[in-house]
Amino acid sequence: MTPRVPLCGAPGSGAEEWVRSVMGAYWLSREACGPDWPEPYPWNHWVAGRGTEWQAIMKKPRAAVGSRHRKQASSQGGREKHALSSGQAKPSVPDGLAKRQEKVVLQTSVSPYHQFRDTAEVTVFRESLLSWYDREKRDLPWRRLAEGEVDLDRRAYAVWVSEVMLQQTQVATVIDYYTKWMQKWPTLQDLASASLEEVNQLWAGLGYYSRGRRLQEGARKVVEELGGRMPRTAESLQRLLPGVGRYTAGAIASIAFGQAAGVVDGNVVRVLCRVRVIGADPSSALVSQQLWSLAQQLVDPARPGDFNQAIMELGATVCTPQHPFCSQCPVQSLCQAHQRVERAQLVASQNLPGSPDVEECAPSTGQCQLCAPPTEPWDLALGVANFPRKASRRPPREECSATCVLEQPRALGGARILLVQRPNSGLLAGLWEFPSVTVEPSGQCQRQALLQELHSWAGPLPATRLQHLGQVVHTFSHIKLTYQVYGLALEGQAPVTTPPGARWLTREEFHTAAVSTAMKKVFRVYEGQQPRTCKSPKRSQASVPSSRKKPSPGQQVLDCFFRPHIPTGAPTLNSVGQ
């Protein structure tokens, strides 16, 4: 058993017992600390810097100190959980010690096979990747803005908007939204002065709507509390701005301010897992820690922003999830997954003895925590796509909602449809939707529940006119929601009064309002059930049975002669609804 490192203080003084109790998980062995720790062991520096706290502890009776130690030692997991939930501050620990502990845990758990051997490999990786990026990078609006903007705060804002929009969203979809956003709100001050309604309206259709709200909250904080000046480091960005996590903070800091901060997103995870053959679950704490460590090790201090964009670009365009273009990869020579594919193909083609399922990392003891588990053997058909391991995801929970498109086709000034606003928190916060109510999937009492909801917004309605039109299934990040679509048309022309939180819109206003993609799907179902809504005559012709013979020219003349004459400009249901 490895001997414990002796603590400072005379025997019986309580120093060792107290430090053990307050340091908890930081109580390390000499082997874990490494041979480069200075002597005497630096606990004395830590204790010396907290003289007041030390004196207060030492004034307590020994029984109190011992009781505290026994209570904490009973369950380390319970202690950590209590510390997170209580309002008491955790004992402060030197940053260097915490980082050293993290490094020690990583080194003792990870084989060198999953790391870069030396600085020469890192240098080759950087140079090869940046050279490729300079030749092949895509021309994207946020890159042009960041490269051409001299003002650091405006540059950081441009990067911030793009990074938030690109979360869980494809580049092709973001380009148009980003361009409109920056034209409407080119500065932090412009965004801070906008209303949430305007933000939701522009964000509509982009998904994950809380992103836009948090982005505006962050802009207001910068303007109102930080004097309009963006935080300059990844640490301060993450600490001060709402909705800014470790990845977004690193991206802004590196691209806008030139800080050598690594980033890890889905594309980076894929590249690093293949380059270093990391087959364990990338969502696990140990693998995530290793990926961030590799990203920080690789980032080029001379061009951190370009490097981070380059490795993400590589994952998005070359090192793709399925069918990657390995022949075009600038770091192919350093990719251990590709090398393993070549070895496996050689073994298979020459019928050589050996199994490609055996990892080359050869950990000294036990199963390597970064290799794929034995239950998931190598699949030769997948090639490098064996990495990264697909994390198991819970299926989204299923819910059902009844929603009604309530319309006044003959309203003065044109047809109007009723929209109500969702609460300011939760799913689709602050967006507008058709009156809806959560119902049981079985369909029992749907009509009654929906009529009650409609009554609360528009007063008594003719229940017999409520028609079921179909359904729409829309999947959010964690919810699979089935909308049972109903329609109800009011005959009168008089406007229907509505309470706050509801409004009547024209169809044109609906398409530009802050509504979700799901509501647009619902409205398409409603439009498809309305008479004479076909915009192309070819569609109505296609519904004619194919067995019917094409009429002769003479028959066409007779049909035209007996067709009812409709005066020009006469109102129709279609023209009123439009």
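In this predicted model, helix α14 gives the largest share of the lining of the second largest cavity, namely three residues. That cavity holds about 50 Å³ of space. If you would like to find it on your screen, pick out W160, V164, Q167, R211, R214, L215, P242, G243 and V244, which line it. Two elements give two or more residues each to this lining: α10 (152-166) and α14 (210-225). In character, the lining residues split into five nonpolar, two polar and two charged.

How many cavities of 30 Å³ or more does a search of the whole structure find? There are three, and the largest has a volume of about 130 Å³. Its lining is made of 14 residues, and the closest to the centre of the cavity are R274, C319, C326, C329 and C335. Here helix α17 (residues 266-275) provides the largest share of the lining, three residues. Sorted by type, the residues around the largest cavity are 11 nonpolar, two polar and one charged. Cysteine counts as nonpolar in this sorting, which is worth keeping in mind when you look at C319, C326, C329 and C335 by the centre.

Let's turn from the cavities to the aromatic side chains. A search of the whole structure finds 10 aromatic pairs. One of them brings together F125 and F307, whose ring centres are 6.3 Å apart; their planes stand at 50 degrees, so this pair is tilted. The cut-offs make the reasoning easy to follow: planes under 30 degrees apart count as stacked and those over 60 as edge-to-face, so an angle between these limits is called tilted. The pair links distant parts of the chain, because F125 belongs to helix α8 (residues 119-136) and F307 to helix α19 (residues 304-317), with the two positions 182 residues apart in numbering. Are these two rings buried or exposed? F125 has 0% relative accessibility and so counts as buried. F307, at 2% relative accessibility, counts as buried too.

F523 and Y526 make a pair of another kind: their ring centres are 6.0 Å apart and their planes lie at 25 degrees, so the pair is stacked. Both residues sit in helix α23 (residues 517-528), three residues apart, which is about one turn of the helix. Both F523 and Y526 are buried. You can also follow the rings outward from this pair, as F434, F510, F523 and Y526 are linked by ring pairs into a cluster.

Some rings have a charged neighbour instead. The charged end of R246 sits over the ring of W292, 4.0 Å from the ring centre. In a similar way, R276 lies over the face of F116, and the distance to the ring centre is 4.2 Å.

Finally, have a look at two of the strands. Strand β5 (residues 467-475) pairs with strand β6 (residues 479-489) in the antiparallel sense, over eight bridges. What joins β5 to β6? It is a hairpin, running through three residues. To see how the two strands line up, place G470 of the pair in view and look across to V485 in β6, which stands opposite. As a general point for reading such a view, side chains in a regular strand alternate between the two faces of the sheet.

Key: Residues are numbered from 1 along each chain as its sequence is written. This is a predicted model: local features need pLDDT of at least 70, side-chain atom pairs count only at pLDDT 80 or more; totals for chains, interfaces and linings use all residues. Side-chain values use heavy atoms; hydrogens and water are left out. Two strands pair if DSSP finds at least two bridges between them. Helices (H or I, at least four residues) and strands (E, at least two) are DSSP runs, numbered from the N terminus. Rings of Phe, Tyr and Trp (its six-membered ring) pair if their centres lie within 6.5 Å; planes under 30 degrees apart count as stacked, over 60 as edge-to-face and the rest as tilted. Buried means under 20% relative accessible area, exposed over 50%, partly exposed in between (1.4 Å probe, protein chains only). A charge sits over a ring if NZ of Lys or CZ of Arg is within 6 Å of the ring centre and within 35 degrees of the ring normal. On a 1 Å grid over the protein atoms alone, a cavity is a set of points where a 1.4 Å probe fits but cannot get out, and a pocket is an open set with protein on both sides within 12 Å along at least five of seven lines; lining residues have an atom within 4 Å of a point. Grid points are joined across faces, edges and corners, and a volume is the space filled by probe spheres set on the points.
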